[in-house]
Amino acid sequence: MYIVSSEYLKCADKIKAVIRTKKKGFSAKLNVRGKEYPDCFNIEEPYDVKTHVFYIPLTEMKDGDKLTLSLIRHKKLKHISNYKFTYKECFADEEALLSEYDSRIIPYKTETEKVCDGVTYCHYECADKNSAPVHIFTIEVETDKATLYVGTPDDGYENVKVKAKVPEMIDSAVKNGVNVVAAMNADFFDMFGDCHPSGLCVKNGRVVANENSPRPFIDIKKDGTPVITDSVETPGIVSELYQAAAGLEMIVKDGKIYDWGPLEPFSFVRHPRTAAGVTKDGKVILLEVDGRIPEYSNGASLVDLANWMIKLGADIAINLDGGGSSIVYTKKGDSFELRNNPADLVRPRAKLIRKEFDALLVVGK
């Protein structure tokens, strides 16, 4: 049997199904009563590419249903394997998981710095429930005084076979007259393939990639309003977007923890993380947590990330790319300073600055 396990969680009006397979798959589809549902992760997202996550309407799955998993093992839809199994209505205990994955990260020292009018940088030195260190960095943007701009390689619109380090994206934008004052990384991307972003990307009102992606995104609309939503919840919104970058999960909604991916290893293993949120009064909060360096910072679960976004006032928030991609820059004088300690699974002590597809650049008005 090539299916290792199947777990289920009630998530609002949907069932979240997490199917793990022995073989790696580029993507998968789940057939339920003749309807096919695609998984919401693709290759290398999360790092465990044997885990596939599906959202099925609550009314569409019944105990004892025969399900078929189609595992697609090549980008060009080649090598498709089909596995049949039975759905058992046994839901995970969400409250117990929330408690288990909460590292209870508490700050004991805070350094705050005004980057420019409307932009504030903070560095939090923290300790978790086991007294292990955690370093958290935030950038708060008052959108009536500053805004966001999507940084891309060469400040351009290509969406495949291009990537650049975040400082290179900053330099490209500055050369084109953009008043960049801070930056963090943005969307997941195909780092071992053609480098395309995983979700929607809009730059200066132009769709760069994945117009029909269902993934949630943060956007600055043409009128300057910040929003976090997705194309499923707000159909047709793409035409209103001006600067948009996507994430993987919407981790906070209505000021409460939302979909924090409780059953996937990606969610509960503590990694370096990056998130973006919007407060009720329209401020943007960008947050980064360093990790994978035990003596310096131990990272965060998605529960930790959501809890911190709520603590900072986010009404809604998404999880952005993390791991070795997580990075923070702010402007100091005429140059930019690297604020965090980027990490890598192989070289956790090195200040490794990874090439990525896009970034969220903070721009002074």
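**Note on helix H1 and the eight-stranded sheet**

1. The N-terminal end of helix H1 is capped by Asp93, with a side-chain oxygen 3.2 Å from the backbone nitrogen of Glu95. The model is a predicted one, and the distances and angles given here should be read in that light.

2. Helix H1 covers residues 94–101, and its buried residues are Leu97, Leu98 and Tyr101. These residues lie on the same side of H1, because the arc they cover around the axis is only 105 degrees. Glu95 and Glu100 are exposed and sit on the face of H1 turned away from the buried side. Glu95 thus appears twice: its backbone nitrogen faces the capping oxygen of Asp93, and the residue itself is exposed.

3. What do the buried residues of H1 pack against? Their partners are strand E20, helix H3 (265–268) and helix H4.

4. E20 belongs to an open sheet of 8 strands with antiparallel pairing, in the order E8-E9-E10-E22-E21-E23-E19-E20. The edge strands, each paired on one side only, are E8 (106–116) and E20 (256–257). The buried side of H1 therefore packs against an edge strand of this sheet.

5. Within the sheet, E19 (residues 250–253) pairs with E23 (residues 314–320) in the antiparallel sense, over 3 bridges. In this pairing Met250 is opposite Ile318 of E23.

6. Helix H4 (residues 302–311), already named as a partner of the buried residues of H1, lies across E8, E9, E10, E19, E20, E21, E22 and E23. H4 runs at about 30 degrees to E21 (273–279).

Technical notes:
Residues numbered from 1 in each chain as written. Predicted model: local features only at pLDDT ≥ 70, side-chain atom pairs only at ≥ 80, totals over all residues. Heavy atoms only, no water. Pairing = 2+ DSSP bridges. Helix = DSSP H or I, 4+ residues; strand = E, 2+ residues; numbered from the N terminus. Contact = heavy atoms within 4.5 Å. Axes fitted to C-alpha atoms, helices over the stretch in contact; angles between N-to-C directions. Buried < 20%, exposed > 50% of the residue type's maximum accessible area, 1.4 Å probe, protein only. Arc of directions from axis to C-beta. Polar contact = N/O pair within 3.5 Å; in protein donor to acceptor, adjacent residues only side chain to side chain.
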